[in-house]
Amino acid sequence: RNSDITMQEFEALKQGCLDQCRKVIEHLRQDVLKVDTVVLTKVSDFSTRATVGVMISGTTVDNTVIGGPAHNSKMIERNDVILEVDGHEVTEDNIFELLIGTDEPGTTLELTLAKKGDKSSLTTVKLKRMATAEIQDRRRMFELFNSIKERALDRDAVQMKIIDEAIELWNNMWAADQVHDQTICENVNSLQASCEEMLEQLCLQIEALEGGGAKGTKLGAVPLEDESIAKLAEAETARQALEDELARLRAAMQNGQFEADQLRALMSSMVSRSNLEAAQAEADRMKKLLEGMVSKSDLDSA
């Protein structure tokens, strides 16, 4: 502001700015992306509390549940064959038991896979079991699809193909949604971080501000030395004297204009008077001339 403030007023304003910045920073640090997910199935519908999110047929991966540990690893694909779990050889009889383990969310397991069934191309993947409740709707959808596939397995190859296409499309849709949501989360987090950083910098700049410290010193003004103050006073005196001289000259010019107007009027009056006197003299001369002509005429008649 242009008004003068005291040091106490300046410090109060500075503290107010800092408080507002810190409040905004607190709001930015809130997890605005955390929302409650609507779940349509019941946890009691599932026999396990934990899952790795993989659907299998025998020992072969039939699909991975979007958002589950297997899918998120990006290392497990359809038609991969599970050979070992935590170093134990896998069979169709023990695979579920090995995958379930202690059935505790957060526990880990290690899978050895033959990519696309090729035992010459082995991959080891470490996964962490997650709570079934986190992906229970998607897991239930996979179970329903698999149930339909099993019923159609020995009956209709065309129906099997349709079901596989439906599962693939649904899977791709979920994947696209997940990428979309993840991108939004990353953008929001990036924006929050950038704003927080800028506000932190602003706080540092505000804290570094120094007030004038006395009444009559403007906010942010730099204290002046005595010599500088004297020079400023001299400059102000010279400026005022110059303004006074300009005012005097302006008044003189106005007076001179008035006098010139008066002189012009007087000269005009004199010219008019001179013309009038000349005309009167000419009239008198003509009158005398006419009188002389009349007298001569009378004399000739006599």
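## Close-up views of a predicted model

**View 1. Helix H5 spans the length expected for its residue count.** H5 has 52 residues, which at 1.5 Å a residue should span 76 Å. Its end C-alpha atoms lie 76 Å apart, so the two values agree. The model shown here and in every view below is predicted. H5 covers residues 157–208. Its buried residues are Met160, Ile163, Asp164, Ile167, Trp170, Asn171, Gln192, Leu199, Cys203 and Ile206. The cover over these buried residues of H5 includes H1, S3 and H4.

**View 2. The whole protein chain combines helices and strands.** The protein chain holds 6 helices and 8 strands. From the N terminus on, the order of elements is α-β-β-β-α-β-β-α-β-β-β-α-α-α. Of the 302 residues in the protein chain, 24% are buried. Consider the contacts between residues at least 6 apart in sequence: 66% of them join residues at least 24 apart.

**View 3. Helix H1 meets helix H5.** H1 runs over residues 7–28. The axes of H1 and H5 come within 10 Å and cross at roughly 165°. An angle over 145 degrees counts as roughly antiparallel, and H1 and H5 are therefore roughly antiparallel to each other. Their crossing is left-handed. On the H1 side, the contact is made by Lys14, Cys17, Leu18, Cys21, Arg22, Val24, Ile25 and Leu28. On the H5 side, the partners are Gln192, Cys195, Glu196, Leu199, Glu200, Leu202, Cys203, Ile206 and Glu207. By class, the residues of this H1–H5 contact are 11 nonpolar, 1 polar and 5 charged. Among the H5 partners, Leu199, Cys203 and Ile206 are also on the list of buried residues in H5.

**View 4. Leucine 204 of H5 is exposed.** Leucine 204 lies in helix H5. Its relative accessibility is 51%, so leucine 204 counts as exposed. How far apart are leucine 204 and leucine 18, in sequence and in space? They are 186 residues apart in sequence. In space, their C-alpha atoms are 9.0 Å apart.

**View 5. Helix H4 packs against helix H5.** The axes of H4 and H5 are 9 Å apart, and the packing angle is about 165°. That makes H4 roughly antiparallel to H5. H4 passes H5 in a left-handed crossing. H4 brings Arg138, Met141, Phe142, Phe145, Ile148, Lys149 and Ala152 to the contact. H5 answers with Gln159, Met160, Ile163, Asp164, Ala166, Ile167, Trp170, Asn171 and Trp174. The residues of this H4–H5 contact divide into 11 nonpolar, 2 polar and 3 charged.

**View 6. Helix H4 carries a set of buried residues.** H4 spans residues 136–152, 17 residues in total. From its first C-alpha to its last it reaches 24 Å, close to the 24 Å expected at 1.5 Å a residue. Which residues of H4 are buried? They are Gln136, Arg138, Arg139, Phe142, Phe145, Asn146, Lys149 and Ala152. These buried residues pack against H5 and three strands: S1 (50–51), S2 (54–57) and S3 (60–64).

**View 7. Threonine 64 sits buried in strand S3.** The place of threonine 64 is in S3. Its relative accessible area is 7%. Buried means under 20%, so threonine 64 is buried. Leave aside its neighbours within four places in sequence, and threonine 64 is in contact with Gly53, Val54, Ala70, His71, Ile76, Phe142 and Asn171. Of these, Phe142 is one of the buried residues of H4, and Asn171 is one of the buried residues of H5.

**View 8. Asparagine 79 and aspartate 86 have positive phi values.** Most residues other than glycine have a negative phi. Phi of asparagine 79 is near 80°. Asparagine 79 lies in the loop between helix H2 (69–73) and strand S4 (81–85). Is asparagine 79 buried or partly exposed? At 42% relative accessibility, asparagine 79 counts as partly exposed. Phi of aspartate 86 is near 55°. The place of aspartate 86 is in the loop between S4 and strand S5 (88–89). Its relative accessibility is 41%, so aspartate 86 counts as partly exposed.

Note on methods
Residues numbered from 1 in each chain as written. Predicted model: local features only at pLDDT ≥ 70, side-chain atom pairs only at ≥ 80, totals over all residues. Heavy atoms only, no water. Axes fitted to C-alpha atoms, helices over the stretch in contact; angles between N-to-C directions. Helix = DSSP H or I, 4+ residues; strand = E, 2+ residues; numbered from the N terminus. Parallel < 35°, antiparallel > 145°, perpendicular 65-115°, else oblique. Left-handed = near helix turned anticlockwise from the far one by under 90°. Contact = heavy atoms within 4.5 Å. Nonpolar A, V, L, I, M, F, W, Y, C, P; charged D, E, K, R; others polar. Expected span 1.5 Å × (residues − 1). Buried < 20%, exposed > 50% of the residue type's maximum accessible area, 1.4 Å probe, protein only.
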